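Biologist: Before we begin, could you show me what we will be talking about, and then explain the terms as we meet them?

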Amino acid sequence: EATNKPTYSATAFAGQPGIAFDGVGTLLTLGSVPFPTGSDESQIFAVVQQDALAADASARVIVSYGGSAGANRRDLRRNVVSAVNRGSIFYGQPGGTATANNSGVDLSSRHVLRGVFRAISRIDVDGVAGTSGLAVANTGTTRVRFGATTGDTPASPWQGVARDILVTGPLTAEQETQLLAWLLSRRLV
C-alpha cells in the first residue's frame, strides 16, 4: 500500500543506498516464503542502521518470515535489555517460541546482524556471537516481511535504514567468514 511503503534513497545509509523504515508502519511484504522453512537450517544477515532510542522499549523487527508467532523466524530485531539496545532473534519452535539476545554490542547506529538458525540458534552483531539457544526452528510458509512481524496484523515496526538483507541456507565456515567480512565493509562506509 502506498501509505505503508518505506522510502528508498540513493544516500540513506551514510551516503549509500538504503531503504528507510519510519518505526510507525512502513514495511514490505511478500505473500509466500522462498527461504528455508520447517526445521531447515538458515542464516539471515542484514546491514542496518537502528535509530530507536533505548528509552523506547518496543521491539523493532527488520526481518521476519514464516507466519504466526509459533511458526516464524522473526529474526534480526532490536530489543531493549537493561536499558541498552540489543540485537535479538525471536523464533517459533515446536510447542512455542524462543528468544536469543546479543548482550555484547549496543545496537545503536549501523551494524551487521546475523541470525543463525540451527539446532543451536543465536544472534551475532558485527561478528560478536550472542547467547545461543537450544531449539529447532519451526517455520511456516505464510509470508516474508521486512520492517515488521509476519502476523496477520504487522507489529514491532523497524525504525532505521536497511542497506542489505540476505537469507541463506547452510554455509561452510569459510563462506560465513567471507560473507561477514564483505558485509562489515558495507557497514563501515
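Modeller: Let us begin with the naming of elements: helices (H or I, at least four residues) and strands (E, at least two) are DSSP runs, numbered from the N terminus. This is a predicted model, in which local features need pLDDT of at least 70 and side-chain atom pairs count only at pLDDT 80 or more, while totals for chains, interfaces and linings use all residues. Residues are numbered from 1 along each chain as its sequence is written, and side-chain values use heavy atoms, with hydrogens and water left out.

Biologist: Where does Asp126 lie, and is Asp126 buried or exposed?

Modeller: Asp126 sits in the loop between E11 and strand E12 (128-129). The word buried stands for under 20% relative accessible area, exposed for over 50%, and partly exposed for what is in between (1.4 Å probe, protein chains only). Because its relative accessible area is 17%, Asp126 is buried.

Biologist: Which side chain does the side chain of Asp126 join in a polar contact of 2.9 Å?

Modeller: A polar contact is a pair of N or O atoms within 3.5 Å; within protein, one must be able to donate a hydrogen and the other to accept it, and residues adjacent in sequence count only if both atoms are side-chain atoms. If we leave aside neighbours within four places in sequence, Asp126 is in contact (heavy atoms within 4.5 Å) with Val105, His111, Val112, Leu184 and Arg187. The partner in the polar contact of 2.9 Å is Arg187.

Biologist: How many salt bridges does a search of the whole structure find?

Modeller: A salt bridge is counted when a side-chain nitrogen of Lys or Arg is within 4 Å of a carboxyl oxygen of Asp or Glu. With that rule, the search of the whole structure gives a total of nine.

Biologist: How many residues apart in sequence are Glu176 and Arg118, which form a salt bridge?

Modeller: The closest N and O atoms of Glu176 and Arg118 are 2.4 Å apart. Glu176 lies in helix H1 (residues 173-187) and Arg118 in the loop between E10 and E11, so this pair ties together parts whose separation in sequence is 58 residues.

Biologist: Is Glu41, which meets Arg118 in a salt bridge, buried, partly exposed or exposed?

Modeller: The side chains of Glu41 and Arg118 meet at 3.1 Å, N to O. This pair links distant parts of the chain, 77 residues apart, with Glu41 in the loop between strand E3 (28-30) and strand E4 (42-50) and Arg118 in the loop between strand E10 (109-117) and strand E11 (120-125). Because its relative accessibility is 27%, Glu41 counts as partly exposed.

Biologist: Which residues join with Arg122 and Asp124 in one network of salt bridges?

Modeller: Asp124 and Arg122 form a salt bridge with their closest N and O atoms 2.7 Å apart. Asp124 is buried at 4% relative accessibility, and Arg122 is buried at 18%. Through salt bridges that share partners, these two are joined into one network with Glu41, Arg114, Arg118 and Glu176.

Biologist: Which element gives the largest share of the largest nonpolar core?

Modeller: A nonpolar core is a set of buried Ala, Val, Leu, Ile, Met, Phe, Trp, Tyr and Cys residues joined through side-chain atoms within 4.5 Å. The largest one has 23 residues, and those with the most contacts inside it include Ile44, Val48 and Leu113. The largest share, three residues, comes from E4.
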